[in-house]
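User: Could you take a close look at the biggest pocket in this model for me? I'd like to know what lines it, and how the parts around it pack together.

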Amino acid sequence: MNSINQQDLHTHVQILGWLRIASAALMLVIGASLLVLLAGVGVFSSVAAEDATPFWVLTLVALFVGGLMVVLALPSLLAGVGLLRRKEWGRILALIVGAFDLFNFPIGTLIAAYSFYVLLQNSASAYFAGTTTSLTTTS
């Protein structure tokens, strides 16, 4: 694979880090929205049926789905933070999360492909190990 220069790699890693954080934040918002929506439907169903069972069932489903969304969003959020801080564990985690994102068509697949393109560059190992030349110039 051809290696991109360090300045471009730095830019791509920053973009990828923010994409990971944004996708995790979106998943957290969707999870919270589902939690509120399902619990709200449970309240209205319980009032209409004059029985508390729909409320408890939908609340438990909402907690499960919302909790699952949080658990699925955390690795992507951590990977984004790790990438922005140039940590090797962030690179590895982003590659693992990217493998799972391949099945999250279409946006997750695009982010995964971009992750593989950026993080599997020849120069990426040195970039995350901190053995690259400085990216800023001093005058």
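Analyst: Sure. Four helices share the job here: H1, H2 (53–84), H3 (88–101) and H4 each put at least two residues into the lining of the largest pocket. Keep in mind that this is a predicted model. H1 gives the largest share of that lining, with 8 residues. The pocket itself has a volume of about 470 Å³. Its lining counts 23 residues, and the ones closest to the centre are Ser 23, Met 27, Ser 76, Asp 101 and Asn 104. Sorted by class, the lining is made up of 17 nonpolar, 4 polar and 2 charged residues.

Now for how those helices sit against each other. In general, you describe a packed pair by the angle between the two axes and the distance between them. Start with H1 and H2: their axes are 8 Å apart and meet at an angle of about 175°. H1 is therefore roughly antiparallel to H2. The residues in the contact of H1 with H2 split into 30 nonpolar, 11 polar and 1 charged. Between these two helices there's a loop, and Glu 50 sits in it. The backbone does something worth a look at that spot, as phi of Glu 50 is near 55°, a positive value in a residue that isn't glycine.

H1 also packs on H4. Here H1 (residues 6–49) and H4 (residues 107–119) have axes 10 Å apart, at an angle of about 150°. That angle makes H1 and H4 roughly antiparallel too. The crossing of H1 past H4 is left-handed. On the H1 side, the contact uses Leu 9, His 12, Val 13, Ile 15, Leu 16, Leu 19, Arg 20 and Ser 23, while H4 brings Ile 111, Ala 112, Tyr 114, Ser 115, Val 118 and Leu 119. By class, that's 10 nonpolar, 3 polar and 1 charged. Ser 23 ties this back to your pocket, being among the lining residues closest to the centre.

The other partner of H4 is H3. Their axes are 8 Å apart, with an angle of about 145°, and H3 passes H4 in a left-handed crossing. From H3, the residues Arg 91, Ala 94, Leu 95, Gly 98, Ala 99 and Asp 101 meet Gly 108, Thr 109, Ala 112, Ser 115, Phe 116 and Leu 119 of H4. This contact has 6 nonpolar, 4 polar and 2 charged residues. Asp 101 is one to watch: besides touching H4, Asp 101 is listed among the lining residues closest to the pocket centre.

Finally, check the link from H3 to H4. Pro 106 lies in that loop, and the peptide bond between Phe 105 and Pro 106 is cis, with omega about 0°. Most peptide bonds are trans, and most residues other than glycine have a negative phi.

Methods: Residues are numbered from 1 along each chain as its sequence is written. This is a predicted model: local features need pLDDT of at least 70, side-chain atom pairs count only at pLDDT 80 or more; totals for chains, interfaces and linings use all residues. Side-chain values use heavy atoms; hydrogens and water are left out. Axes are lines fitted to C-alpha atoms, for helices over the stretch in contact, and angles run from 0 to 180 degrees between N-to-C directions. Angles under 35 degrees count as roughly parallel, over 145 as roughly antiparallel, 65 to 115 as roughly perpendicular and the rest as oblique. A crossing is left-handed if the near helix is turned anticlockwise from the far one by less than a right angle, and right-handed if clockwise. Contact means heavy atoms within 4.5 Å. Ala, Val, Leu, Ile, Met, Phe, Trp, Tyr, Cys and Pro count as nonpolar, Asp, Glu, Lys and Arg as charged, and the others, Gly among them, as polar. On a 1 Å grid over the protein atoms alone, a cavity is a set of points where a 1.4 Å probe fits but cannot get out, and a pocket is an open set with protein on both sides within 12 Å along at least five of seven lines; lining residues have an atom within 4 Å of a point. Grid points are joined across faces, edges and corners, and a volume is the space filled by probe spheres set on the points.
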